[in-house]
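Student: I would like a close look at a single part, the lining of one pocket. Please put the rest of the interior beside it for context.

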Amino acid sequence: MRYIEPHAHVVSRTTDDYERMALAGCAAVCEPAFWAGFDRSSPAGFYDYFCQLTEHEPKRAAKFGLKHFCWLCINSKEAEDVKLAEEVIALIPQFLNRPNVLGIGEIGLNKNSRNELRVLEMQVELAATHEQLILVHTPHLEDKLKGTRLILDVLKNDQRIRPERVIIDHVEEHTVEMVLDCGMWAGMTLYPETKCTPARAIDILETYGSERIWMNSACDWGVSDPLAVPKTALEMKRRGHLAKAIDRVIYQNPQKFLKQSKNFKLL
Ligand SMILES: [Zn+2]
């Protein structure tokens, strides 16, 4: 088996996790900038995090034979303070030329507040100005449908944003269709409890097909499973999916989307 982990917060994981991912056939791990589990107190905290994502973590991953890529932004959970967000966004352009940066993400909404929406628009502007790919985090549970609609409206209203260069992550049964209908990519997050279980994710694939869909573990500092993608691939095999079809979802699809960034190289 070979696969790409397109969404994992590996700064929070151990070297054992890296080793297990490499043993399972992981070719590359991609890390969106996100909440650290606590709020940073200043833009300097984000500056250090961006250095960690672009300088230190690729070296740690390389020790296990894994390529490490990242996305940069201020996440929606820390976007309530618009002034802080402006200062963090101003830091990002100096990092965009670093060799493992894929684009702007994971931007999006958390509670669908007015300030979050303002900061989302600022970061779509940043991505458009610098011709970057976009990775979007959608809210959880009851906020997901409304949040996904708001996000799609922002993206569709900007003529500079090409839908095939946007991935909307954490889709579920009630949001996947509207994302695919816009021509954007959809990411399914495999969580042991919330978001998609492997069984639900495979049901979605069997319903909507695998065009423009990928799967990720989104593993972080909380309850999550860095091996969720290969485990779901095994479950697909058990349910009768052919090896070629599985390879398409877990390797070829993320590769196809990510190589729209000139920095995404597997060799
Ligand atoms: Zn994430």
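Tutor: For linings, Ala, Val, Leu, Ile, Met, Phe, Trp, Tyr, Cys and Pro count as nonpolar, Asp, Glu, Lys and Arg as charged, and the others, Gly among them, as polar. The model is predicted, so local features need pLDDT of at least 70 and side-chain atom pairs pLDDT 80 or more, while totals for chains, interfaces and linings use all residues. Numbering runs from 1 along each chain as its sequence is written, and side-chain values use heavy atoms, without hydrogens and water.

By these classes, the lining of the second largest pocket holds 5 nonpolar, 6 polar and 3 charged residues. A pocket is an open set of points on a 1 Å grid over the protein atoms alone, with protein on both sides within 12 Å along at least five of seven lines; a cavity is a set where a 1.4 Å probe fits but cannot get out, and lining residues have an atom within 4 Å of a point. The second largest pocket encloses about 200 Å³, a volume being the space filled by probe spheres set on points joined across faces, edges and corners. Its lining has 14 residues, and His130, Glu131, Gln132, Ser261 and Lys262 are the closest to its centre.

As for closed space, there is 1 cavity of 30 Å³ or more. The largest cavity has a volume of about 30 Å³. Its lining includes Ile74, Asn75, Ser76 and Gln123, and divides into 5 nonpolar, 4 polar and 1 charged. Helix α4 gives the most to this lining, with 4 residues; β4 (101-108) also supplies at least two. Helices (H or I, at least four residues) and strands (E, at least two) are DSSP runs numbered from the N terminus.

The largest nonpolar core, a set of buried Ala, Val, Leu, Ile, Met, Phe, Trp, Tyr and Cys joined through side-chain atoms within 4.5 Å, has 72 residues, with Phe50, Leu155, Ile168 and Met215 making the most contacts inside it. Helix α4 (residues 114-129) again leads, giving this core 7 residues. Another core, of 16 residues, lies apart from it and includes Cys30, Leu135, Trp214 and Leu258.

Finally, the zinc ion is coordinated by His7 (NE2), His9 (NE2) and Glu106 (OE) at 2.0 to 2.1 Å, donors being N, O and S atoms within 2.8 Å of the metal (3.2 Å for Na, K and Ca); water is not among the atoms, so sites may look incomplete. The donor spacing in sequence is H-x1-H-x96-E. His7 is buried, at 1% relative accessible area, and His9 is buried at 6%; buried means under 20%, exposed over 50%, partly exposed in between (1.4 Å probe, protein chains only).
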